[in-house]
Amino acid sequence: VNYLQQDYSLPLFRSPNMQLDSKPGESERDFRIRCELMAREERDRRVGELRRKFQPKVERIDERIRKAEQQLAKEQQDVQSARIQTAVSIGGSILGALFGRKLASASTVSKAKSAMSSVSRSSKEAADVERAQENLAALTAEKAQLAQEVEQEIERLERELTPIHE
């Protein structure tokens, strides 16, 4: 036993990160290849788990983005409709004033008042579009932040499971 202990050695390699030992007679190259393969498999498994973990969050944000895009389209359509209504109302007021019997009659004043409220409504619709655009931009930024978090986690896993530095 003493003779074997002193004169013969069995070199074994160990990977603390992978908790793996080399097989007797296995070369360092073969052991590193085996460690890298196991590290890739473990990384792929963990990345899959990570993606499954974040998938519901991504789906919720995608749904909110879809609704925000629909709201933005509706608000843009409302703005266009309000602008057309305003133009018609102003045009009618001007034509009524020019071709009517009296320049300052009650109906002309009423039409002008209606045109002014239509302008106010149009500006409110434009503000609604702006808010919808801000909402969409915020949701898009939130989705980008979530994607960045996932990528950072994946990079951390890759650094953690890289046996090349052992």
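A residue is taken as exposed when its relative accessible area is over 50%, as buried when that area is under 20%, and as partly exposed in between. In this predicted model, Leu 10 has a relative accessibility of 53% and therefore counts as exposed. Leu 10 is placed in the loop that runs between helix 1, residues 2–7, and strand 1, residues 14–15. When neighbours within four places in sequence are left aside, Leu 10 is in contact with Pro 24 and Gly 25; the second of these, Gly 25, is 15 residues away from Leu 10 in sequence, with a C-alpha to C-alpha separation of 7.8 Å in space.

The loop between helix 1 and strand 1 also holds Tyr 8, which counts as exposed because its relative accessibility is 52%. Together with Tyr 3 and Leu 4, Tyr 8 forms a nonpolar patch on the surface, and the accessible area of these residues taken together is about 370 Å².

Lys 143 is found in helix 3, which spans residues 106–160. With a relative accessibility of 33%, Lys 143 falls between the two cut-offs of 20% and 50%, and so counts as partly exposed. If residues up to four places away in sequence are not counted, Lys 143 touches Ile 61, Asp 62 and Ile 65. Lys 143 and Lys 57, although 86 residues apart in sequence, are separated by 8.9 Å in space, C-alpha to C-alpha.

Methods:
Residues numbered from 1 in each chain as written. Predicted model: local features only at pLDDT ≥ 70, side-chain atom pairs only at ≥ 80, totals over all residues. Heavy atoms only, no water. Helix = DSSP H or I, 4+ residues; strand = E, 2+ residues; numbered from the N terminus. Buried < 20%, exposed > 50% of the residue type's maximum accessible area, 1.4 Å probe, protein only. Contact = heavy atoms within 4.5 Å. Patch = residues over 30% accessible without salt bridge, like charges linked within 9 Å, V, L, I, M, F, W, Y side chains within 5 Å. Areas by Shrake-Rupley, 256 points an atom, 1.4 Å probe, with all protein chains shown as cover. Salt bridge = Lys/Arg side-chain N within 4 Å of Asp/Glu carboxyl O.
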